[in-house]
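Reader: Please show me the chain, and then let us go through its surface, its helices and its interior in turn.

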Amino acid sequence: MVVVNAAGLFAGLALLLVGADRTVRSAAELALYYGVSTFFVGVTVISVGTSIPEMTTSVYAATYGAGDLLVGNIVGSETAQITLAIGIVALISPIAAERRNVLVYGGAMVLAMVIMILTLEDGITRSEGVLMMLAYLMFIHDLYSTEGGEEITEEVIEDEEPPARALPQIAVGIGLVIAGGHLLVTNGVAIATAAGIPEYLVGVLTGLGTTTPEIAVAGIAAREGREGISVGSLLGSNITDPVFSLGVGALVADVTLADPAAVAASVTYMLVVSLVVLGLLYWRRGIGRRSALVCMLLYLPSLALF
C-alpha cells in the first residue's frame, strides 16, 4: 500500500510541475503580448504561476484538515526558494539586482513572512485568510501603479502566442495542477500516517519539490538575459506564498497546527536566512557565483530543523 501511495505522490508532484510550467509559460507570453514591464511580469504573473502548486496543495491540505502539511509545504518552499533557487539560478547566470528593488520587494517579502508567523500560533481562520489575500491584492495594485506601465518590455518574441492560443494552454495547465495537488496531498497524508512521519515533514519535502518551477523559470530567464523576470519571480514567489497561498487554504477551512512550538525553529530559520540572502543581494547588488554557493549551503541547516 505504501508503494502505491509513493507512486501516487510522485505522480501528483509530476502533474503539479508539468501543469505549473505550462500555465506559467502561457501566462507569461500572454502578459508580454500586451507589453508590460519584465519586472512586473516576474513579480506578478510568473510568481503567482510558479506558486500554483503551493496554492493547490494548500487548498487540498485544508480540505483534508492537514494543517501541518499545508504550513510545512509553504515553509519548505520559502526556505528552498530563498537559498537553493537563488543559488542555482546565480550559478547559471549571476543575478543583478537594483538596491531599490531589493529594499521594496525584499521588505514586502519579509513582511509577508512575519504576517504568516504571527498568525500560526493560534491558527488561521477564514476571515484572516480573506484579509491576507486582500493585502496581497493591494500590493499587486500598488505595484502596477508604480511598475506595471513604466517600462515596456523589449523581449517580446515575434511569433508570440496570441491570447486565443495562450488561454486554453493556461486552462489545461491549471487542470493538471489541480489533479496533481489532489494526488500529492492524499498520498502524502497516507504515507505519513503509515510510516509515522510527521505531516509537517512531508509538507516540507513537498515544498522542496514544488520549488522546481521557480528554479526552472528563473533559470531560463537569467540565461536569456531577462533579469527583470528572473529576480522578480524569485522575490515575488516569496511574497505570494506566505500570504496568498496560505490565505487560499484558510478560505477552505481554518488552518491549525498540532504543535505550533514544534515548527518554531524551522519558521524562524526561514525568516533569518531570508534576511541574510536579502542582505547579500543589497550589499553586492546581486548574487555572483561565489555568493551562490553560500546561498545553497544555507539550505542545509534547515533540514536538521524539520
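Reader: What share of the exposed area do carbon and sulfur atoms supply?

Author: In this predicted model, local features need pLDDT of at least 70 and side-chain atom pairs count only at pLDDT 80 or more, whereas totals for chains, interfaces and linings use all residues. Residues are numbered from 1 along each chain as its sequence is written, and side-chain values use heavy atoms, with hydrogens and water left out. The chain exposes about 12900 Å² (Shrake-Rupley method, 1.4 Å probe), and the part supplied by carbon and sulfur atoms is 67%.

Reader: How many helices and strands does the chain have?

Author: Helices (H or I, at least four residues) and strands (E, at least two) are DSSP runs, numbered from the N terminus. On that basis the chain has 13 helices and two strands.

Reader: How far does helix 5 reach from its first C-alpha to its last?

Author: The unreviewed UniProt entry annotates residues 102-120 as one of its transmembrane regions, an annotation that may be inferred rather than shown by experiment; this span is 100% helix in the model. Helix 5 covers residues 99-120, and its expected span, 1.5 Å times one less than its number of residues, is 32 Å. Close to that expectation, its reach is 31 Å.

Reader: Is Ile 239 buried or exposed?

Author: Ile 239 is placed in helix 10, residues 227-252. Buried means under 20% relative accessible area, exposed over 50% and partly exposed in between, with a 1.4 Å probe and protein chains only. Because its relative accessibility is 3%, Ile 239 counts as buried.

Reader: Which residues does Ile 239 contact, leaving aside neighbours within four places in sequence?

Author: Contact means heavy atoms within 4.5 Å. Tyr 105, Ala 108, Met 109 and Ala 112 are among the buried residues of helix 5, while the C-alpha of Phe 139, 100 residues away along the chain, is separated from that of Ile 239 by 9.6 Å. The contacts of Ile 239 are Tyr 105, Ala 108, Met 109, Ala 112, Tyr 136 and Phe 139.

Reader: Which helix gives the most to the largest nonpolar core?

Author: A nonpolar core is a set of buried Ala, Val, Leu, Ile, Met, Phe, Trp, Tyr and Cys residues joined through side-chain atoms within 4.5 Å. The largest has 67 residues, and those touching the most other members include Phe 139 and Ile 287. With ten residues, the one that gives the most is helix 4 (residues 67-92).
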